[in-house]
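Subject: Handing over a structure, with notes on what was found

Dear colleague,

I am passing on the structure below, and after it you will find my notes, written for someone who has not met it before. Please read them with the model open beside you.

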Amino acid sequence: MTELVIAVLTTGLCVYGASSAAKLASRRSYRAFRDGLGQSNLVPRPLLAVTARVLAGAEAAVAAGLAAAVALTAAGLSGAVPVTAAVLACATALTGVLTAGVTVMLRSGTRAPCVCFGAAADRPL
């Protein structure tokens, strides 16, 4: 069972790690993410800067938490279970928020570029 837990945690780590790294790799990458988020019309303009920071920061924090949970679980330390539960709860909440945003965009017919992994894609979401 430990191997399955480590596999799940590592998968989440790879996804959120890659996503936050792509957004935070450079100022240009971050601006492309922020601008693409603005084109989605999901966030009012006055809240765009703070929302972009919160999302990118939350992804990085979840990735760091998942890395810690992997290390604790692999080492078999007693703190692994509560840390893993807390990090998975945060990852689930963040995934829910991001999924809700994608759902709203798709249902509204918004043709904004995908900024899920940083820079805007050539095609709409």
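At 4% relative accessibility, serine 40 counts as buried, where buried means under 20% relative accessible area, exposed means over 50% and partly exposed lies in between, with a 1.4 Å probe and protein chains only. Serine 40 sits in the loop between α2 and α3, the helices (H or I, at least four residues) and strands (E, at least two) being DSSP runs numbered from the N terminus. Leaving aside neighbours within four places in sequence, serine 40 is in contact with Met105, Thr110 and Ala112, contact meaning heavy atoms within 4.5 Å.

Before going further, please note that this is a predicted model, in which local features need pLDDT of at least 70 and side-chain atom pairs count only at pLDDT 80 or more, while totals for chains, interfaces and linings use all residues. Residues are numbered from 1 along each chain as its sequence is written, and side-chain values use heavy atoms, with hydrogens and water left out.

On the overall layout, the protein chain has four helices and zero strands, and read along the sequence it follows the pattern α-α-α-α. Its C-alpha atoms fill a box of roughly 45 × 30 × 25 Å, taken along the principal axes. Buried residues make up 30% of the 125 residues in the protein chain, and of the contacts with a separation of 6 or more, 58% are between residues 24 or more positions apart. One example of residues distant in sequence is threonine 10 and leucine 66, which are 56 residues apart in sequence and 7.2 Å apart in space, C-alpha to C-alpha. Threonine 10 belongs to helix α1 and is partly exposed, with a relative accessible area of 29%.

Turning to the interior, the largest nonpolar core has 19 residues, of which Phe33, Leu37 and Val62 touch the most other members; such a core is a set of buried Ala, Val, Leu, Ile, Met, Phe, Trp, Tyr and Cys residues joined through side-chain atoms within 4.5 Å. At least two residues of this core are supplied by each of α1 (2-24), α2 (27-39), α3 (45-75) and α4 (80-108), and the largest share, nine residues, comes from α3. Valine 62 touches Tyr16, Val87, Cys90, Ala91 and Leu94, not counting residues up to four places away in sequence.

Two of the helices deserve a closer look. With 13 residues, α2 reaches 18 Å from its first C-alpha to its last, close to the 18 Å expected at 1.5 Å a residue, the expected span being 1.5 Å times one less than the number of residues. The buried residues of α2 are Ser29, Tyr30, Phe33, Gly36, Leu37 and Gly38, and they pack against α1 and α3. With 29 residues, α4 reaches 42 Å from its first C-alpha to its last, close to the 42 Å expected. Its buried residues are Ala80, Thr84, Val87, Ala91, Leu94, Gly101 and Met105, and what covers them includes α1 and α3.

The backbone just after these two helices is also worth checking. Most residues other than glycine have a negative phi. Asparagine 41, in the loop between α2 and α3, has a positive phi of about 60° although it is not a glycine, and at 63% relative accessibility it counts as exposed. After α4 comes glycine 109, whose phi is positive, near 80°.

As for the cysteines, a search of the whole structure finds zero disulfides, a disulfide being a pair of cysteine sulfur atoms within 2.5 Å. Cysteine 14 is in no disulfide, and the nearest cysteine sulfur, that of cysteine 116, is 17 Å away. The sulfur of cysteine 116 is 3.2 Å from the closest cysteine sulfur, in cysteine 114, which is too far for a bond. Cysteine 14 is partly exposed, with a relative accessible area of 49%, and cysteine 116 also counts as partly exposed, at 31% relative accessibility.

With kind regards
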